[in-house]
Amino acid sequence: MSRQRYQRGTLKPFVPAAKGRPKRQLPRGTYWARWYRYIKQANGQEKRSPREKIITKDLARGFRIGTEYEGPLNKTDAQRVLDLLIAQDAGTYTRPDTTATFEQVAREYLATVEPGWGPHTVRTSKGLIEYALIGGKLGSRPVVELTEIELQQFLNEHVSAGASRSKLAKLLLYLRNILDHAVMKKIISANPARNPGYRLKAKSRKAVSERYLCMEECQRLLSVVVGVVHLAFRILIQLGLRSEELFALRRDDVIGDMLRIDEAIVEGDSATVKTEASEASVYIPPDLQIEMRCWLECLPPDPRAWLFPSPQGRPWGSQNYLNRVLKPAAIRARVGVFKRRTRKGNEVESTDVNFQVLRRTCATLFGSIARPRPDAPGLVACRLRIQCAQQT
């Protein structure tokens, strides 16, 4: 039987002269291929027999190669076809599973990579794969039928729908990774999302938001809330915490004039912070320390008690807090208010204030003084600048 031996074969745009046969030039995009088949005979000896084939564009399409462009087959793709022909002769070529759908491959990919993901990646990436890729038009499509054109049209629909730059980058990343998994499983021979001759493009039309609250808007927002909500808003604005970091704070995270950030709430459970740089200690300005101490006196003495518990005694969910507390307060304060229509056609008031806006406010108004470390040089100057900014 034939045995596998590494070889690339010979590829020429003409048929060489041999045994009285003259050299014959082939049409553009057509190639003459030659390789050897090694067969071990019953007596143990090995016989080498030459093999020849004319590689055309139609033959390449049978292997789903060269389908992304019109015109003659290029030599690079012809070599890919030759590699598959050699693999067929050696018995190592596996024909694609034409019944495998994109959803089946995507779920197998998820099962492979999800155990290595952190909680933040699971929350964002798994949902994106589930709803945008699997739940979209691609889910029911056989993987072997997906083409570069179809993938580009899929991305174009998300661009037209106003998808953000971050979302489009993730869609492109996971499209490539899932189809790489299909190549590894030998469902397809080449990844259409990684074709160098037809690069997928996804440029967002959505303008990058630079919205932040000015000092006067901060004062109006803080003027309509009291108690623990006032304290939470000040921490978001002045210290620039993420919402999941704010709701993961515990009583023992308040250490003197510093606030320790070492947890985050993800899907209702405590998890590590989003990045290594997020795990730090944040300086609390003097007037904010006074408000913090007053609130600590109202909390249970348990050092692991939540600093900002929900009415049920559990940590707040970011979306729940945004809809029930932050946005209603911003509307009452008339900060970033606009009119929008509901699905029923009714006109209601909404606001552009969210956690990202408050975090951007901190970066804009307080800048480099948002997170000084206890041993950082110039800490006294940073503290003075924060106090000055508060008094402005």
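Me: Which residue follows helix 8, and what is the sign of its phi?
Reply: This is a predicted model. Helix 8 covers residues 227-239. The residue that follows helix 8 has a phi near 70 degrees, so the sign is positive by the value itself, and the residue is Gly-240.

Me: Is helix 8 largely enclosed or not, and how many of its residues are buried?
Reply: A residue counts as buried under 20% relative accessible area. In helix 8 the buried residues include His-230, Phe-233, Arg-234 and Gln-238. Helix 8 is largely enclosed by the rest of the structure because the buried residues number 10 of the 13.

Me: What distance separates the end C-alpha atoms of helix 8, and what span is expected?
Reply: The expected span is 1.5 Å times one less than the number of residues. For the 13 residues of helix 8 this gives 18 Å, and the end C-alpha atoms agree, being apart by 18 Å.

Me: Which helix gives the most residues to the largest nonpolar core?
Reply: The largest nonpolar core has 44 residues, and Phe-233, Ile-235 and Phe-308 are among those with the most contacts inside it. Elements that give two or more residues to this core include helix 7, strand 7 and helix 10. The most, 7 residues, come from helix 8.

Me: Which tryptophans are in contact with Phe-308, leaving aside neighbours within four places in sequence?
Reply: With those neighbours left aside, the contacts of Phe-308 include Val-228, Leu-231, Ala-232 and Ile-235. The tryptophans in the list are Trp-295 and Trp-316.

Me: Which residue forms salt bridges with Glu-145 and with Glu-150?
Reply: Side chains of opposite charge can pair when their charged atoms come close. For Glu-145 the closest N and O atoms are 2.9 Å apart, and for Glu-150 the N to O distance is 2.7 Å. At 22% relative accessibility the partner counts as partly exposed. In both salt bridges the partner is Arg-141.

Me: How many residues apart in sequence are the parts that Lys-339 and Glu-349 tie together?
Reply: The closest N and O atoms of Lys-339 and Glu-349 are 3.8 Å apart, in a salt bridge. Lys-339 is exposed, at 53% relative accessible area, whereas Glu-349 is partly exposed at 33%. Lys-339 lies in strand 11 and Glu-349 in strand 12, so the parts tied together are apart in sequence by 10 residues.

Me: What is the bridge partner of Arg-34 in strand 5?
Reply: Strand 4 and strand 5 pair in the antiparallel sense over 10 bridges. Between the strands of this hairpin are 5 residues, and Gly-44 takes a positive phi near 90 degrees. In strand 5, the bridge partner of Arg-34 is Glu-52.

Methods: Residues numbered from 1 in each chain as written. Predicted model: local features only at pLDDT ≥ 70, side-chain atom pairs only at ≥ 80, totals over all residues. Heavy atoms only, no water. Pairing = 2+ DSSP bridges. Helix = DSSP H or I, 4+ residues; strand = E, 2+ residues; numbered from the N terminus. Core = buried A, V, L, I, M, F, W, Y, C linked by side-chain atoms within 4.5 Å. Buried < 20%, exposed > 50% of the residue type's maximum accessible area, 1.4 Å probe, protein only. Contact = heavy atoms within 4.5 Å. Salt bridge = Lys/Arg side-chain N within 4 Å of Asp/Glu carboxyl O.
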